[in-house]
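I opened this entry to keep a record of what I looked up, chain by chain. The sequence and structure come first.

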Amino acid sequence: MIHSRFLASVALSALMLGATPAISLAETPPDTLIQAWSIDDIISLDPAEIFEFTASEIAGNSYETLIGYDPQNVSDIFGKAAESWTVSEDGMTLSFKMKEGRTFASGNPITAEDAVFSLVRAVKLDKSPAFIIGQLGITPDNADAMIVQTGPMSFDFKMDKPYAPTLVLYCLTATVASVVDKKLAMEHEANGDFGYDWLKTNYAGSGPFMIKDWRPNEAVILERNPNYSGDATPMARVIYRHIPETSTQRLLLEKGDIDIARNLTAEDISALQGNADVKIESGVKGSLYYLGLNQKNEFLSKPEVRQAMKYLVDYDTIAGTIMAGKVKVHQGFLPEGFLGAYNENPFSLDVAKAKELLAAAGVPEGFKVTMDTRNTPEITAMAQAMQQTMAQAGIELELIPGDGKQTLTKYRARNHDIYIGRWGPDFQDPHTNASTFAYNPNNADDATSKPLAWRNAWDIPELSAATDAAMVEPDAAKRAEMYIADQKTVMETGPFVIYAQEIEVMGERKNIEGVIVGPSFNDNSFAHVTK
Amino acid sequence: MVSNTLGGRRGALWLRKIASTLGTVAVTFLGLLIVTFLIGRVVPVDPVLSVVGDRATQAQYDAAYQALGLDRPLVEQFWIWLQKVFQGDFGTSNLTTRPIAQDIARVFPATLELATVSIVIGTAFGIPMGVWAAVRQGKLVDQVVRVVGLVGYSAPVFWLGLMGLLLFYFKLDLISGPGRVDISYEYDFTPRTGLFLLDTAMQGAWGAFGNVFSHIILPASLLGYLSLAYISRMTRSFMLNELAQEYITTARVKGVPEWRIIWVQALRNAAVPLVTVVALSYANLLEGSVLTETVFAWPGLGQYLTNSLQNADMNAVLGGTLVIGAIFVGLNMFSDLLYTLLDARTRNRT
């Protein structure tokens with residue numbers, strides 16, 4: 001087959017004259033899962049630093065956290081590296097007991113020393129995701145006193161306040177709380193960096209797969225972990241190939257040269273519907289699509305204008321046609337599936353109502369405003385749809401296209417009018433989104449905390465206090481009610497037009513079974529995949 | 001005595017020429033780097049974002065800002081970078097977290113291999129087509145060659161690439177798909193030079209060689225076609241100029257065979273300016289074609305530089321700029337050298 005392809009290629013090089021088609025059926029090796037994904041966002045493989053979608057998924061398949069949850073039912077929390085835990089009477093200490101007899105891929109045993117090392121390390125390295133643990137009152141200065149080993153297989157995790165138990169547990173399911181092989185990492189320590197420089201491009205975990213190789217902008221290769229404490233993975237290898245162009249991904253999938261395509265567009269998905277060799281797998285993700293309306297803009301700061309904007313988005317067309325299955329309509333700041341998620345969608349396209357509101361705001365003829373728009377095909381298409389519907393009420397929406405980092409730079413500096421964005425939760429607890437959509441303790445330009453509410457200059461001392469209160473509410477039902485109230489407030493008065501929740505769609509060859517598409521990227525699992 | 005003086009003068013002339021070339025190269029590089037550095041700093045992208053992401057706290061942001069040296073004046077930043085370069089340290093990429101030299105050593109061979117195969121195709125077909133069109137000026141052949149050239153100039157490379165994949169890879173199954181080599185052959189050879197055709201051939205991994213060839217041929221043909229469009233047009237123009245010269249008429253009068261007049265006498269003279277055309281085409285290809293690299297998932301310099309620029313990863317951008325600068329300077333010097341060999345008049349001038 002290869003010989004014939006080679007000859008055919010030679011023939012092609014002679015300007016494709018007289019070449020005879022060489023029939024061959026491409027397929028991937030039976031023990032190797034090959035995926036095409038745009039993986040150029042990976043900047044580190046150290047769990048203390050990983051925050052990108054792609055790297056989170058890789059860590060989810062190669063590291064183990066202390067605690068996990070069932071991706072189908074996130075309220076079902078269970079121990080992964082931890083056997084069990086108890087909460088002290090004052091609610092400020094969790095005592096963990098580790099599972100016995102488990103090992104890292106290196107063969108080193110997993111002990112409480114590793115768990116303590118990993119958590120303290122993450123706080124002290126203080127990379128982007130460190131706040132997930134840091135928000136529980138653990139700082140680089142007090143970490144050694146707050147996270148303390150109490151026995152070979154037990155340790156205490158202390159906090160500065162009696163935070164809601166679900167919040168604490170969900171924080172410990174995040175990638176940043178992965179258990180790292182202390183012995184291996186410290187063998188590579190340099191200048192007191194806890195092995196960070198080495199671990200950025202290497203691996204020291206215990207998950208079902210090991211990270212074998214990362215070639216930036218080219219590939220990531222995972223291999224079966226022979227020392228994994230659970231069932232051995234059916235696949236010996238999982239390969240992520242960096243294929244940035246979605247049409248190329250589709251061609252490779254249809255041809256059978258890859259098993260899974262990860263970045264298919266709505267157009268690709270509908271084109272694949274008729275292909276019997278390919279199936280579509282999907283799962284609801286936690287990411288939300290929204291518009292951020294800067295309150296420094298004289299028009300957008302009017303409450304009626306903010307309200308009117310929410311009636312000028314054609315939610316159904318965006319979800320059903322433009323994104324065709326890649327999102328669902330969702331308007332609350334907590335994604336469906338989260339504790340306290342408010343799943344009612346009160347807004348729909350209603351131009352007459354929007355006009356009334358604009359008249360009440362004193363701008364019956366509308367106004368002109370700009371929107372910084374990331375230049376990807378899907379974001380651009382959604383922005384153009386909004387441009388059309390807003391024009392019906394006299395709002396002239398000028399789209400300013402830009403690269404992702406460029407629009408984000410402007411947004412973070414509060415120099416936008418409107419920003420069309422996507423926000424993914426950092427962990428599975430409602431506080432993750434409440435602390436950004438409904439929290440802004442200091443609206444000054446030089447504030448140190450800059451949540452989304454700050455970026456849109458929304459000054460909300462009362463709502464911020466409510467978010468703080470929900471963070472420490474021990475009763476889960478009461479806590480859920482507090483978040484529902486917060487979401488209603490943001491819907492009615494907030495500068496956010498939240499319009500959709502992401503659905504992750506994968507195109508798979510029909511022989512692929514066992515892929516788990518979880519609510520966050522570190523829940524996506526390939527440990528049980530067969531083909 | 002006389003010959004000694006002459007030899008000494010010639011030696012001094014050579015030395016002066018070398019010194020002047022080196023001076024020009026140094027000034028060119030410095031100018032190139034200053035401009036690239038400034039462009040990188042005025043691009044409205046915050047380089048800290050690539051390092052700490054969107055969720056970092058202000059303290060983390062400030063720490064990264066300082067670690068990148070962005071709190072210092074621009075001139076100082078550039079001076080620090082330049083000093084390190086002279087010590088052989090090109091810095092680390094924010095995106096890949098690896099030394100720039102290591103990154104470029106990884107991505108450049110991919111581009112070099114693709115560009116080399118492309119320029120061979122472009123030259124092998126472009127020059128004869130240009131000669132043919134010049135000889136048959138105004139005839140059907142000439143029109144066809146011009147249309148082929150026009151299409152090569154005007155068709156979007158992105159579209160041509162996708163259509164090529166659809167036809168030759170997907171429909172006809174003549175070639176392998178995107179990427180440099182199939183996974184099943186990846187471990188059949190050790191990528192010593194990073195030029196997979198060379199590596200596989202040197203190690204006798206002929207199965208892998210065939211696979212690498214079947215991967216490279218389509219993107220190389222595509223880029224070769226784009227070069228061909230330029231080379232054939234320029235060849236035609238140079239040849240028309242040569243064929244109108246008096247020495248051609250004299251040769252014809254003398255009864256020199258027509259093939260010899262065209263392919264030996266006229267083409268040899270046309271070859272002098274053609275060297276520059278081919279060298280420039282090659283240099284353009286060596287910069288990396290980001291669109292072709294994207295469609296064909298080719299992990300080359302074009303993709304690397306574009307990604308770095310979009311993320312304001314300045315060490316990577318400056319490192320890549322140095323490589324491209326070196327390519328242009330190197331190829332210019334090479335074509336100068338070829339000039340001297342091909343054209344006796346330039347030889348005598350020294």
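The notes below go from confidence to chain B, then to chain A and the contact.

**Confidence**

I noted at the start that this is a predicted model. I looked up the scores for the whole model and found ipTM 0.81 and pTM 0.86. For chain A the average pLDDT is 92, and 95% of the residues score at least 70. Within chain A, helix α7 (residues 182-187) has the highest mean among the elements, 98, and α1(A) the lowest, 51. I also marked residues 13-25 of chain A, where the pLDDT is below 50. Beyond near neighbours in sequence, that stretch has 20 contacts in the model.

Chain B averages 87, with 96% of its residues at 70 or above. Its confidence is highest in helix α9 (residues 196-202), at a mean of 95, and lowest in helix α16 (residues 344-349), at 60.

**Chain B as a whole**

I counted the elements of chain B: there are 16 helices and zero strands. Its C-alpha atoms fill a box of roughly 85 × 70 × 40 Å along the principal axes. Of its 350 residues, 42% count as buried. I then checked contacts in chain B with a separation of 6 or more, and 70% of them join residues 24 or more positions apart.

**Helix α10 of chain B**

How many Å does helix α10 (residues 206-243) of chain B span between its end C-alpha atoms? I found 45 Å, whereas a straight helix of 38 residues would span 56 Å at 1.5 Å a residue. I looked along α10(B) for a bend and found a kink of about 35 degrees at B:I217. The proline B:P219 comes shortly after this kink. I also checked how covered α10(B) is, and 32 of its 38 residues are buried.

**Two residues with positive phi**

I listed two residues other than glycine with a positive phi. B:A312 has phi near 55 degrees and lies in the loop between α14 (301-310) and α15 (314-342) of chain B. Is B:A312 buried or exposed? B:A312 is buried, because 23 other C-beta atoms lie within 10 Å and the cut-off for buried is 20 or more.

A:R414 has phi near 60 degrees and sits in the loop between α15 and β16 of chain A. A:R414 counts as partly exposed because it has 17 C-beta neighbours inside 10 Å.

**Strand β14 of chain A**

I turned to strand β14 (residues 368-374) of chain A, where five of the seven residues are buried. β14(A) pairs in the parallel sense with strand β15 (residues 396-402) over seven bridges. In this pairing A:D372 stands opposite A:I400. Between the two strands the chain passes through helix α14 (residues 377-391) of chain A, and this β-α-β crossover is right-handed.

β14(A) is also joined to strand β16 (residues 418-423) of chain A, by two bridges, and these strands run parallel. There, A:M371 has A:I418 as its bridge partner.

**Contact between the chains**

I looked up the contact last, and it takes 49 residues from chain A and 49 residues from chain B. On the side of chain A, the elements that give two or more residues include β1 (32-37), β10 (237-242) and α9 (246-255). The largest share there, eight residues, comes from α1(A). I set this beside my earlier note that α1(A) has the lowest mean pLDDT among the elements of chain A.

Notes. Residues numbered from 1 in each chain as written. Chains lettered and ligands numbered in written order. Predicted model: local features only at pLDDT ≥ 70, side-chain atom pairs only at ≥ 80, totals over all residues. Helix = DSSP H or I, 4+ residues; strand = E, 2+ residues; numbered from the N terminus. Expected span 1.5 Å × (residues − 1). Bend = angle between axes of the 7 residues up to and from the residue. Buried ≥ 20, exposed ≤ 12 C-beta atoms within 10 Å, placed from the backbone. pLDDT = per-residue confidence, 0-100. Pairing = 2+ DSSP bridges. Right-handed = clockwise from strand over helix to strand, strands pointing away. Contact = placed C-beta atoms within 7 Å.
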